[in-house]
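The following exercises are to be worked through with the sequence and the three-dimensional model in view. Each task is followed by a solution in steps.

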Amino acid sequence: IRSVVLGCGSYLPEKTLTNAQLSEMVETSDDWIVQRTGIRERHIAAEGELTSDLATAAAKLALADAGLTVGEIDMIIVATATPDDTFPATAVTVQRKLGMEHGAAFDMQAVCSGFVFALSTADAFIRASQAKRILVIGAETFSRILDWSDRTTCVLFGDGAGAVILGASVQDGTREDRGVLTTHLRSDGRHRDKLYVDGGPSSTGTVGHLRMEGREVFKHAVGMITDVIEDAFRATGYGAEDVDWFVPHQANLRIIDGSAKKLGIESDKVVRTVSLHGNTSAASIPLALSVARDDGRIKRGDLILLEAMGGGFTWGSVLLRW
Ligand code: ACO
């Protein structure tokens, strides 16, 4: 059994925040932000618009794209570091908003790597025959955990959601080799203080704000990313030259282009959405997949390489054939 992508969808809040607007809020400039990160604008959720709303909107589009109803889904996994509530899980709220009363729904917390962790988990459930069709969502409202007076972090992030539906497909050797081919997950808690939120229900009883040593994160990112991608190549025998589309977590252009260069992936095979979305954490990969599928770049049969790295640190890769 393999898990195959049956459909995808994404949603961005209507309101955008440009670098020029940010430069009226903190001491920064369009030039600084574009040069260091490649980000030009990001979307910001409206007051009262929750992570579950973004997730539900993306999920509905993914269901329509796959030609499925919620009745045909067995499980919902929402990757998020910005849940609506401490509990219940945002996935359960999404389940309710979709009008789904069966199956199981739970959240996955691996910050920016959340979608890669969720996709890998969904793939494991499908290969173990414990689920047939799983809605895998990455959804975030990082605007709610940013310190809007800290120019070193508030310029980097945005809100959004993306969803993919994975479904079981029996490989009989006569069909194409489609689906998730390999996944590799890593974490190392020794790096906790380089990227964290200074609040939580058990520690402070507050929500807290994102804190980051940007230069330290940057220093580790490319090496960690390329390590798990090399694991994916070793496990499958594929190499950089076989990849049709590299769809990395969209943190900043320098990390994306640095990783592609180190791996030997040609620049025109890299999907980049960070300039218009900012870093949307767990939502960035399914958003980028959705954009590149909708504009005709990603086609059935393409070999797609996903990677992410984020708070924890956590990092991981997925190699799949669309
Ligand atoms: N506007 C203007 N100046 C700024 C801003 C800003 N928004 N932010 C920082 N500066 C200043 C700093 O204060 C510093 O000034 P100083 O030299 O007078 O002290 C100067 O710019 C340089 O600061 P650095 O932090 O050293 O700048 P750097 O070149 O490292 O760029 C950045 C910062 C963009 C955060 C970079 O380190 C980076 O991209 N790191 C990776 C972080 C990341 O992507 N995290 C996302 C989460 S993890 C993930 O998703 C992979």
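Helices (H or I, at least four residues) and strands (E, at least two) are here DSSP runs, numbered from the N terminus. The model is a predicted one.

**Exercise 1. The open sheet**

Establish the order of the strands in the open sheet of five strands, and state which strands stand at its edges.

Solution.
Step 1. The order is β1-β7-β6-β4-β5, and the pairing is mixed.
Step 2. The edges are formed by β1 (2-11) and β5 (104-108), each of which has a single partner strand, so one side of each is left without a neighbour in the sheet.
Step 3. From one strand to the next, the twist averages 20 degrees.
Step 4. In general, strands of a sheet pair through backbone hydrogen bonds, in either a parallel or an antiparallel manner.
Step 5. β1 and β7 (residues 159-169) run antiparallel and are joined by nine bridges. Within this arrangement, G9 stands opposite A163 in β7.

**Exercise 2. Helices against the sheet**

Identify which strands helix α3 (residues 51-66) lies across, and which strands helix α5 (residues 114-127) touches.

Solution.
Step 1. Helix α3 lies across β1, β4 (75-79), β6 (133-141) and β7, and it runs at about 125 degrees to β1.
Step 2. Helix α5 packs on the sheet and touches β1, β4, β5, β6 and β7. The direction of α5 makes about 165 degrees with that of β6.

**Exercise 3. Two residues in strands**

Decide whether A105 and H184 are buried or exposed, and describe how the distance in sequence relates to the distance in space for A105 with T90 and for H184 with G205.

Solution.
Step 1. A105 belongs to strand β5, whereas H184 belongs to strand β8 (residues 179-187).
Step 2. The cut-off for a buried residue is 20 or more other C-beta atoms within 10 Å of its own.
Step 3. A105 has 22 other C-beta atoms within 10 Å, and therefore A105 is buried.
Step 4. H184 has 20 such atoms within 10 Å, and therefore H184 is buried.
Step 5. A105 and T90 are 15 residues apart along the chain, and their C-alpha atoms are separated by 8.6 Å. H184 and G205 are 21 residues apart in sequence, with 34 Å between their C-alpha atoms.
Step 6. Not counting residues up to four places away in sequence, A105 touches M75, I76, A89, A91, V92, V94 and Q95. On the same basis, H184 touches V228, D231, A232, G316 and S317.

**Exercise 4. The annotated active site**

Which residues does UniProt list for "active site", and how are they arranged in space?

Solution.
Step 1. The UniProt record, an unreviewed entry, lists C112, H249 and N279.
Step 2. These residues are spread over 168 residues of sequence, yet they cluster in space, the largest C-alpha distance being 8.6 Å.
Step 3. C112 is placed in the loop between β5 and α5, and H249 in the loop between β11 (245-248) and α8 (253-263).
Step 4. C112 is buried because 32 other C-beta atoms lie within 10 Å. H249 is buried because 32 other C-beta atoms lie within 10 Å.
Step 5. Leaving aside neighbours within four places in sequence, H249 is in contact with residues including C112, S284 and I285. The contacts of C112 include H249, A251 and S281.

**Exercise 5. The shell around the ligand**

Which residues come nearest to the ligand, and which element gives the most to the shell around the ligand?

Solution.
Step 1. Of the 23 residues around the ligand, T28, C112, G214, F218 and A251 come nearest.
Step 2. At least two residues of the shell are supplied by each of α2 (30-37), α6 (151-154), α7 (214-236) and β12 (303-310).
Step 3. The most is given by α7, with five residues.
Step 4. The shell divides into twelve nonpolar, eight polar and three charged residues.

**Exercise 6. An enclosed helix**

Explain why helix α10 (residues 284-294) is described as largely enclosed by the rest of the structure.

Solution.
Step 1. The buried residues in α10 are S284, I285, P286, L287, A288, L289, S290, V291, A292 and R293.
Step 2. These are ten of the eleven residues of α10, so the helix is largely enclosed.
Step 3. α10 is followed by G296, whose phi is positive, near 90 degrees.

Definitions and conventions: Residues numbered from 1 in each chain as written. Predicted model: local features only at pLDDT ≥ 70, side-chain atom pairs only at ≥ 80, totals over all residues. Buried ≥ 20, exposed ≤ 12 C-beta atoms within 10 Å, placed from the backbone. Near = placed C-beta within 6 Å. Nonpolar A, V, L, I, M, F, W, Y, C, P; charged D, E, K, R; others polar. Pairing = 2+ DSSP bridges. Axes fitted to C-alpha atoms, helices over the stretch in contact; angles between N-to-C directions. Contact = placed C-beta atoms within 7 Å. UniProt positions renumbered as here; feature names shortened; annotations may be inferred.
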